[in-house]
Every structure is written in C-alpha cells, then in structure tokens.
Amino acid sequence: MRADMNTIYDQITAGMKAAMLGKDQVTLGALRSVKAALQNAQVAKGNAREQLSENEAQNVVRKQIKQREDAIAMYEQAGRPELVEKEQAEMRVLATLLPTEMTEEEIIPVLEAVIAELGATTKKDMGRVMKEMQTRTEGRAPGKVLSKLVGSRLA
C-alpha cells in the first residue's frame, strides 16, 4: 500500500485485495477491522453511506492503533508473546494508512509561527495553541509530541 493513493478508503480496498491474493491473514484482518471501525464511525455520525472526511478517517485509524498499543501492554503483562507479535504486525499495517508523521524539527517552525500569531505566552494559552497546531499540521504531528513542545515553549 502507498500513502499517495487518493484516500484511506482506497488504500484499504487495494490493501485488502492484495492481502487476499497474497493470503496475508494478518494484513487482511487489520484492514477488515479498520474498515468496520470506519463504517461504525459513519453510522455514529448519522449517515452510513457517506464516507468520513480524510481527517476523520485518519482519527479512526489512530484510534485503532491506540487500541492495539493498549492490547500489547495487556498481552505483555499476561506473558502472551504470540499475541503481542500479532498486534504489532497489525499496528504496522495500520500505520501505512496514515501520512508520514512530522519530526520535531519540522514542527518547531510551525509552532513558533503559531505562538507569535496568537501572542501566546503562558500555559493558559496552551489550548488555543494546540488547536491551531492540530489544524496546521493536518494530523501529521502526534499529540504527545505537540503537547510536549507546546508545554516547553509556554513556560
């Protein structure tokens, strides 16, 4: 699967076809579960026939990745390495659906510009800065990294 395909929906469809032809059960399972999660999100939004926006779809995929991270932690505690491996493999498949994440070096200039534009100086401004940063980075910057960088700039 390539990140330059039109939408997450296109990537999932192409990936499922390739996984079926290649008899790759892990990839197929991961893609089927994210497809179901997308359909559930569409129903929850009120229209099962209308696809989610790309940003909304990316958020669903991120949620699926987070669920697998949580499952990995539980399986490691329970001493189930075979299940940890399966969840990690599914996470790698899901990660290919998302755009490449920005590095801290790429985030900092955007952050400096946002802080200057908003006139943010204290921790009280963190919410406004975070909201604007999430918009400008188009979901390509991980929330934890953004939070750390914004917090360190607004001391």
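Which residues of H2 are buried? Before we get there, a look at the whole chain helps. This is a predicted model, and its protein chain has seven helices and zero strands. Reading along the sequence, you meet the pattern α-α-α-α-α-α-α. The C-alpha atoms fill a box of roughly 55 × 40 × 30 Å along the principal axes. Of the 155 residues in the chain, 34% are buried. Among contacts with a separation of 6 or more, 55% join residues 24 or more positions apart.

Now let's turn to H2, which covers residues 25–45. With 21 residues at 1.5 Å a residue, the helix should span 30 Å, and its end C-alpha atoms are indeed 30 Å apart, so expectation and model agree. At the N-terminal end, Asp24 acts as a cap, with a side-chain oxygen 3.3 Å from the backbone nitrogen of Val26. Past the other end, Gly46 comes just after H2 and takes a positive phi of about 115°.

Back to the opening question: the buried residues of H2 are Thr27, Leu28, Ala30, Leu31, Val34, Ala37, Leu38 and Gln42. A look at helix geometry is useful when reading that list. An α-helix has 3.6 residues a turn, so residues three or four places apart point the same way. What covers the buried residues of H2 includes helix H1 (8–21), helix H3 (54–78) and helix H4 (81–95).

Finally, step out to the surface. The accessible surface of the chain comes to about 9500 Å², and 53% of that belongs to carbon and sulfur atoms. The chain has 23 positive and 22 negative side chains, with the centres of the two sets 4 Å apart.

How values were computed:
Residues are numbered from 1 along each chain as its sequence is written. This is a predicted model: local features need pLDDT of at least 70, side-chain atom pairs count only at pLDDT 80 or more; totals for chains, interfaces and linings use all residues. Side-chain values use heavy atoms; hydrogens and water are left out. Helices (H or I, at least four residues) and strands (E, at least two) are DSSP runs, numbered from the N terminus. The expected span of a helix is 1.5 Å times one less than its number of residues. Buried means under 20% relative accessible area, exposed over 50%, partly exposed in between (1.4 Å probe, protein chains only). Contact means heavy atoms within 4.5 Å. A polar contact is a pair of N or O atoms within 3.5 Å; within protein, one must be able to donate a hydrogen and the other to accept it, and residues adjacent in sequence count only if both atoms are side-chain atoms. Accessible areas come from the Shrake-Rupley method with a 1.4 Å probe; for residues, only the protein chains shown count as cover. Lys and Arg count as positive and Asp and Glu as negative; His and the chain ends are not counted. The place of a charge is taken as NZ of Lys, CZ of Arg, CG of Asp or CD of Glu.
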